[in-house]
Amino acid sequence: LPLIGNHQVLKEFESWVELHCTELDINLIDPVTLQDKYTKASIALESRLPYEMFLISDNYDNASESEKVNAWLGYINFEIKESQMSRAVRLYERSVSDCGNSFDLWYQYMEFVRFILKDFQFLYHITTMNSCQNVMQNQLKYWKIRLETLEIVQSNDDEIYLNTWEYAINHIQFNNSIDYLSIYKLSCDYL
């Protein structure tokens, strides 16, 4: 957690300024702004520390996969509520690294990138990652997202789209004809 140790860093900085800076240098540093930023960082640390402490605790190590996923999603949702999208992305990356076999985690990560970040290049990258494909390759939701994203990102390459669609048809475990028709309809919409 990058915010840990801010108090010590501020003290070291103040000592360094006293030793090495002239009056002119010190005038460039606005102490009110510095203190304000330090206070904001301290508040941010306090609100995130319980999540981080749980993730490095024995309780986390001994938790079931679903409890670990819920811990990550709680932390991620906190960052989203705080409008810290870059932190949420980093947490998703850490979480799928730790709980990479969780369909729910991968799916929520893709939905986050798709609907909140609206970054289809990034979403396409996620859907093509081997670790994501290994977990989700027989899931209808995954292939719908991948094909829709591919349509946006590679809109002018019919061969890639159709090869991906054909691969999806052969790997999805369809529960009923409606599921099959929904994937078939994607190819019709594309063409």
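This briefing introduces the nonpolar core, the aromatic rings and the cysteines of the structure above. Please keep in mind that the model is predicted. Its largest nonpolar core has 43 residues, its aromatic rings form 15 pairs, and its disulfides number zero.

**The nonpolar core**

- Six of the 43 residues in the largest nonpolar core touch the most other members: Trp106, Tyr109, Met110, Ile126, Met136 and Ile183.
- At least two residues of this core come from each of helix H5 (65-81), helix H6 (85-98), helix H7 (103-117), helix H8 (120-127), helix H9 (130-136), helix H10 (140-153), helix H11 (158-171) and helix H12 (177-190).
- Met110 is a good residue to look at here: setting aside neighbours within four places in sequence, Met110 is in contact with Leu123, Ile126, Thr127, Cys132, Met136, Tyr142 and Ile145.

**Aromatic rings**

- The count of aromatic pairs comes to 15.
- One of them joins Tyr92 and Tyr109, and this pair is stacked because the ring centres are 4.8 Å apart and the planes meet at 10°.
- Tyr92 belongs to helix H6 and Tyr109 to helix H7, so this pair links distant parts of the chain, 17 residues apart.
- Both partners are buried, Tyr92 with a relative accessible area of 2% and Tyr109 with 2% as well.
- Phe103 and Tyr107 make another stacked pair, with 5.8 Å from centre to centre and 10° between the planes.
- These two residues, Phe103 and Tyr107, are four apart in helix H7, which means that about one helical turn separates them.
- Ring pairs also connect Tyr92, Trp106, Tyr109, Phe112 and Phe122 into a cluster.

**Charges over rings**

- Tyr107 has a second partner to look for: Lys141 lies over the face of its ring, 4.7 Å from the ring centre.
- Lys68 places its charged end over the ring of Tyr60, at 5.2 Å from the centre of that ring.

**Cysteines**

- What keeps Cys99 and Cys132 from forming a bond with each other? Their sulfurs are 15 Å apart, so they are too far for a bond.
- Cys132 has the nearest cysteine sulfur to Cys99, and Cys99 is in no disulfide.
- Cys99 is buried, at a relative accessible area of 1%, and Cys132 is buried too, at 0%.
- Cys132 also appears in the core description above, as one of the residues in contact with Met110.

Note on methods: Residues are numbered from 1 along each chain as its sequence is written. This is a predicted model: local features need pLDDT of at least 70, side-chain atom pairs count only at pLDDT 80 or more; totals for chains, interfaces and linings use all residues. Side-chain values use heavy atoms; hydrogens and water are left out. A disulfide is a pair of cysteine sulfur atoms within 2.5 Å. Buried means under 20% relative accessible area, exposed over 50%, partly exposed in between (1.4 Å probe, protein chains only). A nonpolar core is a set of buried Ala, Val, Leu, Ile, Met, Phe, Trp, Tyr and Cys residues joined through side-chain atoms within 4.5 Å. Contact means heavy atoms within 4.5 Å. Rings of Phe, Tyr and Trp (its six-membered ring) pair if their centres lie within 6.5 Å; planes under 30 degrees apart count as stacked, over 60 as edge-to-face and the rest as tilted. A charge sits over a ring if NZ of Lys or CZ of Arg is within 6 Å of the ring centre and within 35 degrees of the ring normal.
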